[in-house]
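User: I would like to go through this structure and ask how its labels are earned. Please set each value against its cut-off.

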Amino acid sequence: MVIDIIQLAITVISIMLFLRVYWIQAGSNSLISMMNMQKKEVLNEIEIDSTHKELDHETIIKALSYLNLVSKLYLSHCINISMLRTFEGVMIKLLNNKKVQNIYKEIFYEFRDIMKTAEPPYINYIYTTNLLVSVNKRLNKRSFYSPMFSWFYLIYKKLFFNFRSTSNRNWKLALEVFESNNDVNTL
């Protein structure tokens, strides 16, 4: 009887480990295929254009879509925080750009008023950027418990986003992108 229970426990653990490995591989494959689908130069164009000249509408939309996909993978637990941090600077910098805020304002009202969708556009990207800024504030305090609490906060917020029951808070968060003066830190 005890041996049967041990065998059952080992079988269940093996199945759970197999599923976890499969989930990680599927997430990695989806990230690789996503990066092959998009123009690889989009984020480099943003980095160059934001310092020298005005961003064009098409580049902004492509960048928002690309970063929204990356954020969706992160919020779905397909990529980890280390992979997400490679995009962190561009994610924050893009939402602080005035032209991006104006374009997003047009898209926001179109989705809210004309299309009447349940979720605002690019909410995965906006929520993830807000999450990164919040965690960075906690990490920059440099207190003894800050990193540990930051990671718990990060996990809590990811779970909260995945299991939320109402989208009203998401609309308010998206509205703050262009209503704030110019700083994503107010999100």
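Analyst: In this protein of 187 residues, buried residues make up 39%. Buried means under 20% relative accessible area, exposed means over 50%, and partly exposed lies in between, with a 1.4 Å probe and protein chains only. The model is predicted, so local features need pLDDT of at least 70 and side-chain atom pairs count only at pLDDT 80 or more, while totals for chains, interfaces and linings use all residues. Residues are numbered from 1 along each chain as its sequence is written, and side-chain values use heavy atoms, with hydrogens and water left out.

User: How many helices and strands does the protein have?

Analyst: There are nine helices and zero strands. Helices (H or I, at least four residues) and strands (E, at least two) are DSSP runs, numbered from the N terminus.

User: Why is Lys116 called buried or exposed?

Analyst: Lys116 has 61% relative accessibility, so it counts as exposed. Its place is in the loop between H6 and H7. Phi of Lys116 is near 55°, a positive value in a residue other than glycine. Most residues other than glycine have a negative phi.

User: What makes Tyr122 buried or exposed?

Analyst: Tyr122 has 15% relative accessibility and therefore counts as buried. Tyr122 also sits in the loop between H6 and H7, and its phi is near 55°, a positive value.

User: Why is the pair of Tyr104 and Phe108 called stacked, edge-to-face or tilted?

Analyst: A pair of aromatic rings is described by the distance of the centres and the angle of the planes. Rings of Phe, Tyr and Trp (its six-membered ring) pair if their centres lie within 6.5 Å; planes under 30 degrees apart count as stacked, over 60 as edge-to-face and the rest as tilted. A search of the whole structure finds nine aromatic pairs. For Tyr104 and Phe108 the centres are 6.2 Å apart and the planes are at 45°, so this pair is tilted. The two residues are four apart in helix H6 (residues 98-115), which means that about one helical turn separates them. Both are buried. They belong to one aromatic cluster with Tyr109, Tyr122, Trp171 and Phe178.

User: What makes a set of residues a nonpolar core, and which members touch the most others in the largest one?

Analyst: A nonpolar core is a set of buried Ala, Val, Leu, Ile, Met, Phe, Trp, Tyr and Cys residues joined through side-chain atoms within 4.5 Å. The largest has 41 residues, of which Leu67, Tyr74, Leu94 and Tyr104 touch the most other members. Its largest share, nine residues, comes from H3.

User: How do you know whether H3 and H5 are parallel, perpendicular or oblique?

Analyst: Axes are lines fitted to C-alpha atoms, for helices over the stretch in contact, and angles run from 0 to 180 degrees between N-to-C directions. The axes of H3 and H5 come within 11 Å and cross at roughly 135°. Angles under 35 degrees count as roughly parallel, over 145 as roughly antiparallel, 65 to 115 as roughly perpendicular and the rest as oblique. H3 and H5 are therefore oblique to each other. Ala63, Leu64, Leu67 and Ser71 of H3 make the contact (heavy atoms within 4.5 Å) with Val90, Met91 and Leu94 of H5.

User: Why is Val90 called buried or exposed?

Analyst: Val90 has 13% relative accessibility, so it counts as buried. Val90 and Ala63 are 27 residues apart in sequence and 9.4 Å apart in space, C-alpha to C-alpha.
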